[in-house]
Amino acid sequence: MATRPTFRPAELIRATAIARRYYLEGESKVRIADDFGISRFKVARILDEAREAGIVRIEISAPTEIDAALSHELRTAYGLHEAVVVDQAGDDETVRRSMGRIAAEYLTEILEEGDTLGLACSRTLNDMTLALGELPRCTVVQLTGVLPGGVEENSVELVRRVASLARGPAFPIYAPLVVSDAATTRALRAQPQVADAMQRYGHLSKAVVAIGAWTPTRSLVRDALPPEEGARLEEQGVRAEVCARAVDAQGAPTAPGLSERVVAITLEQLRAVPEVVAVAGGTGKAEAIRAVLRTGVVSSLVTDVATARLLLEPGGA
């Protein structure tokens with residue numbers, strides 16, 4: 001076993017001063033060497049010895065809001081480009097707001113000048129947009145039509161809000177997400193304003209989406225359907241939806257009748273986007289998130305600790 005270097009009193013004072021100036025004050029080894037009248041190689045040796053002697057202790061820790069170890073484990077288990085696990089407990093609203101805030105930080109980190117960003121709609125994504133600051137200049141495109149309900153989940157408002165922060169053009173969709181029949185869907189998609197937005201799906205460089213669990217109150221899409229239709233689709237195997245595209249537990253597309261009646265990006269178009277970030281978590285979402293991850297459309301995931309642990313249970317991935 002190697003012995004730790006020892007310092008005599010004057011050497012200890014000098015080593016402490018050098019370590020403080022290098023590690024805390026950010027001075028270069030050359031500047032420190034000049035001031036102490038020694039070579040920079042001697043400075044480097046003193047710094048190494050100071051670490052070995054315990055004078056300098058380096059600690060690496062992630063912010064308490066993010067569980068770095070669980071994030072790495074989740075990313076590896078599902079083969080994701082990135083996983084960000086938010087270390088937040090509490091009721092669903094508290095967890096949702098924390099996920100939204102961290103998702104805003106992550107989006108700010110990955111968004112680049114000139115990107116074309118696709119944006120879906122959910123309560124969590126609304127919280128994300130409220131937490132955003134100034135963004136790189138980019139184009140923002142709406143991924144889904146408008147759901148009935150409060151303004152806080154209005155996809156048009158989300159797109160305009162983000163576009164204003166990015167100082168770029170917005171391409172909203174002034175059409176309902178779910179309509180009564182396929183003919184109406186085709187007519188809406190053919191309208192110039194809607195077509196102008198949707199033709200940009202092939203040019204998206206990044207997208208942010210939500211994941212809905214196919215249970216009442218866990219999916220804005222299901223809540224927009226008549227209760228009997230939602231229940232019938234659940235009996236037929238629907239377990240989740242992403243951008244109003246329904247999938248079963250294995251991630252296979254299902255409910256073709258519903259798919260023909262929605263104004264939204266398709267799974268195939270979403271899969272072609274280089275970076276798709278899903279922001280989803282909270283009570284009862286793990287099965288739905290697992291199903292959507294199996295579709296292969298999601299490259300990065302922002303979720304909470306409790307959901308991440310459920311996703312990592314044996315046989316989960």
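This briefing walks through the overall shape, the two sheets, the helices on them, and the spaces inside one protein chain. The model is predicted. Its chain has 15 helices and ten strands. Seven of the strands form one open sheet with parallel pairing, and three form another open sheet with antiparallel pairing. Helix α5 is a good element to keep an eye on, as it packs on the seven-stranded sheet and gives the most residues to the lining of the largest pocket.

**Overall shape**

- For a compact globule of 317 residues, a radius of gyration near 20 Å would be expected, but this chain has 25 Å.
- The C-alpha trace spans about 85 × 45 × 30 Å along the principal axes of the chain.

**The parallel sheet**

- Reading across this open sheet, the seven strands come in the order β1-β10-β9-β5-β2-β3-β4.
- The edges are held by β1 (82-86) and β4 (170-171); each has a single partner strand, so one side of each has no neighbour in the sheet.
- Further in, strands β5 (residues 206-209) and β9 (residues 275-279) run parallel and are joined by four bridges.
- To find this pairing in the structure, look for V208, whose bridge partner in β9 is V277.
- Helix α5 (residues 92-110) packs on this sheet, where it touches β1, β2 (116-119), β5, β9 and β10.
- The direction of α5 makes about 155° with that of β10.
- Helix α4 (residues 68-78) lies across β1 and β10 (300-304), and it runs at about 140° to β1.

**The antiparallel sheet**

- The three strands of this open sheet follow the order β6-β7-β8.
- Here β6 (212-213) and β8 (245-247) are the edge strands; each has a single partner strand, so one side of each is left without a neighbour in the sheet.
- Three bridges link β7 and β8 in the antiparallel sense, and V242 has R245 in β8 as its bridge partner.
- Helix α14 (residues 286-293) lies across β6, β7 and β8, at about 55° to β7.

**The largest pocket**

- The largest pocket holds about 460 Å³ of space.
- Its lining is made up of 31 residues, and S122, R123, I211, R218 and K285 are the ones that lie nearest the centre.
- Two or more lining residues come from each of α5, α6 (123-131), α10 (220-224) and β7 (240-242).
- With five residues, α5 gives the most to this lining.
- Sorted by class, the lining has 15 nonpolar, nine polar and seven charged residues.

**The cavity**

- There is one cavity of 30 Å³ or more in the structure, and the largest cavity has a volume of about 30 Å³.
- Which residues line the largest cavity? They are A103, Y106, L107, M128, V208, V277 and V302.
- Two of these names are already familiar: V208 and V277 line the cavity, and V277 is the bridge partner of V208 in β9.
- Helix α5 appears here too, giving three residues, the largest share of the cavity lining.
- By class, seven of the cavity-lining residues are nonpolar, with no polar and no charged residues among them.

Key
Residues are numbered from 1 along each chain as its sequence is written. This is a predicted model: local features need pLDDT of at least 70, side-chain atom pairs count only at pLDDT 80 or more; totals for chains, interfaces and linings use all residues. Side-chain values use heavy atoms; hydrogens and water are left out. Two strands pair if DSSP finds at least two bridges between them. Contact means heavy atoms within 4.5 Å. Axes are lines fitted to C-alpha atoms, for helices over the stretch in contact, and angles run from 0 to 180 degrees between N-to-C directions. On a 1 Å grid over the protein atoms alone, a cavity is a set of points where a 1.4 Å probe fits but cannot get out, and a pocket is an open set with protein on both sides within 12 Å along at least five of seven lines; lining residues have an atom within 4 Å of a point. Grid points are joined across faces, edges and corners, and a volume is the space filled by probe spheres set on the points. Ala, Val, Leu, Ile, Met, Phe, Trp, Tyr, Cys and Pro count as nonpolar, Asp, Glu, Lys and Arg as charged, and the others, Gly among them, as polar. The radius of gyration is taken over C-alpha atoms; the globule rule is 2.2 Å times the number of residues to the power 0.38.
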